[in-house]
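This report looks at how two parts of one chain meet. Please have the sequence and the structure at hand while reading.

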Amino acid sequence: MSKLKKKSIFKYATNYAFVLPYLTIFFLFTVLPVLISIFLSFTYYNVIETPVFNGLANYQRLFFSDDLFTKALSNTMVLALIIGPGGYVLSFGFAWILNEFKPKIRTFLTFFLYAPSLSGGAFAIWAIIYSGDRYGWLNSILLSLNIISEPIQWLTDTNYMLPCAAVSILWMSLGTSFLSFIAGFQTVDGSLYEAASVDGITNRWQELWYITIPSMLPQMMFGAVMSITASFGVGPQITALFGNPSTNYELYTVVHQLEDYGSTRFEMGYASAIATVLFVIMFVSNEVVKKLLAKVGH
Amino acid sequence: MKLKSLVNQRKNRSLSGTIALMVFILAVAAFMVFPLILILGNAFKPLSELWLFPPRLLPIRATTDNFTDLFSLAFGSTVPLTRYLSNTIVITVAGTAGHIFLSSMCAFQFAKRKFPGSKVLFTIIVLSLMFNATVTSIPNYLVMAKLGLIDTLWAIIIPTMGTPLGLYLMKNFMETSIPDAIIEAATVDGANEWVIYKRIVMPNTKPAWMTLILLQVQTLWATGNNGFIFSEEKKTLAYALSQIGAAGLERAGIAAAVSVIMLIVPFSIFIFTQSNVMQTMSTSGMKD
């Protein structure tokens with residue numbers, strides 16, 4: 001090694017010392033697991049014996065002979081399409097309305113809207129609302145309004161499971177991106193609005209489209225990443241309400257299948273292939289959204 | 001009450017539109033808190049009132065029986081409740097403190113210093129924000145097993161120190177809230193990196209670490225059964241309480257009491273940190 005190079009490494013030693021502790025943990029528990037998943041997805045691995053390379057066999061089985069995966073994948077896509085864009089639009093819309101209020105009221109309302117995200121463990125309360133007998137809240141309300149005459153089995157009737165899941169998961173979806181949007185609206189330069197009203201912007205919709213959204217693109221990108229990440233991880237919430245497997249595998253997601261193969265059947269290679277497919281989907285969705293957002297306001 | 005005093009006044013606003021938005025957002029807020037009020041109501045209902053038709057939101061004869069029953073059940077088990085509680089406190093405090101300490105040190109470098117690899121490393125961290133951690137739980141188990149962390153509280157504490165969201169928010173906040181000039185001045189005065197971190201960076205990033213406190217406590221306090229811990233005496237409060245509440249219909253009131261107790265901590269922390277969190281979030285934007 002040349003003297004110069006030695007010197008430069010020494011020069012940055014402090015910098016590396018500062019980032020090393022965090023990065024070590026980050027790589028061990030975030031990056032390495034992704035790499036392990038990708039590697040194991042090309043092997044047969046049952047935890048006891050050493051992994052055996054089997055090429056694309058896992059992927060072939062996944063896409064061509066596993067009907068349950070096809071079902072899980074389409075369920076995941078449907079749920080993600082409702083929860084991702086749905087949660088995103090709700091977060092943005094509600095934050096926009098809150099921005100109309102004076103700070104004190106805004107703080108108060110923010111707390112109410114964010115409260116469900118704070119109460120992760122309380123999610124099971126929806127079991128009481130959706131309870132299939134007439135003591136369930138939804139049934140009792142609909143019964144007393146004479147909209148239905150018999151209690152509905154919300155959590156096991158395949159006609160109602162998806163909407164019920166969507167409502168209860170959306171209930172918890174005003175998370176980090178919601179807070180980011182509220183703060184983002186505050187950062188939009190007030191003089192832009194003044195100038196715009198001189199330039200002939202006459203209502204709040206034009207103001208939103210021509211001024212607010214273009215100045216909030218960075219927040220909107222951050223919010224999109226958070227929403228996509230959350231929407232493809234749907235699984236535990238469904239297990240809590242509908243059980244796993246849910247009736248007729250109606251709400252069986254890729255995350256459920258991942259758990260089945262990883263923690264129950266110990267087919268780690270196959271489970272890793274499922275995880276890798278999810279990585280690819282999450283990555284592609286993010287890239288697509290990035291491209292779409294880049295077009296807004298131009 | 002004057003409408004004017006509640007909303008920001010601007011020229012291009014119609015009064016009818018403002019009223020419609022207000023009514024709408026109040027309805028949304030009511031929908032959001034309804035399930036939480038339901039839990040609160042159920043927690044104070046006697047058993048006889050839990051199954052009424054039509055159901056009532058609030059109890060007729062409020063009672064604290066559910067809470068006293070919960071405590072007698074909890075202390076009657078083989079592992080005392082205080083043990084679960086102390087496990088959760090250890091996890092929450094160590095996981096939060098460790099995360100703030102390590103991520104602020106690292107974020108300081110990414111925000112204010114340039115060194116070979118700094119760009120690439122930060123890009124990887126931003127990329128990792130899009131991967132849901134649920135998906136990596138299996139290889140995570142393998143890594144923990146290799147490191148001998150399985151069935152110890154470290155299995156929860158150590159990984160949480162390296163989560164990417166906190167670092168990302170911290171770095172963005174430092175970039176905009178700490179003027180380079182102060183750091184340069186300190187460097188000229190002969191302060192070393194550690195002193196700059198301790199005396200300049202940390203005191204100026206209070207909103208960011210308050211935000212990290214909220215995010216960490218929110219997840220760690222609710223840590224339940226995550227498959228990494230098997231010994232009963234190492235399990236968490238959320239796990240123990242959920243076991244007590246899950247034992248059938250006659251425990252429904254107790255289950256509600258459990259939820260109420262679990263909610264107190266994140267709710268109070270949010271109320272306490274809200275303005276700081278908002279300050280941090282205003283710098284959360286993602287540039288390209």
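How much area is buried between domain 1 of chain B and domain 2 of chain B, and what share of it do carbon and sulfur atoms give? In this predicted model, the area buried between the two domains is about 650 Å², and carbon and sulfur atoms give 88% of it.

The domain assignment places domain 1 of chain B at residues 3-63 and domain 2 of chain B at residues 73-281, and the C-alpha centres of these two domains lie 31 Å apart. Eight residues from domain 1 of chain B and 10 residues from domain 2 of chain B take part in the contact.

On the side of domain 1 of chain B, the residues that lose the most area to domain 2 of chain B are Ile39(B), Ala43(B) and Trp51(B), which together account for 52% of what that side buries.

Between domain 1 of chain B and domain 2 of chain B, the counts are as follows.

| Kind of pairing | Count between domain 1 and domain 2 of chain B |
|---|---|
| Salt bridges | zero salt bridges |
| Polar contacts (both residues at pLDDT 80 or more) | zero residue pairs |

Helix H1 (15-43) and helix H2 (47-50) of chain B each supply at least two residues of the side of domain 1 of chain B that touches domain 2 of chain B, and H1(B) gives the most to that side, with five residues. Sorted by class, this side of domain 1 of chain B has seven nonpolar residues and one polar residue, while no charged residues occur there.

Technical notes
Residues numbered from 1 in each chain as written. Chains lettered and ligands numbered in written order. Predicted model: local features only at pLDDT ≥ 70, side-chain atom pairs only at ≥ 80, totals over all residues. Heavy atoms only, no water. Domains from an automatic or database assignment. Contact = heavy atoms within 4.5 Å. Buried area = accessible area lost by both parts, 1.4 Å probe. Salt bridge = Lys/Arg side-chain N within 4 Å of Asp/Glu carboxyl O. Polar contact = N/O pair within 3.5 Å; in protein donor to acceptor, adjacent residues only side chain to side chain. Helix = DSSP H or I, 4+ residues; strand = E, 2+ residues; numbered from the N terminus. Nonpolar A, V, L, I, M, F, W, Y, C, P; charged D, E, K, R; others polar.
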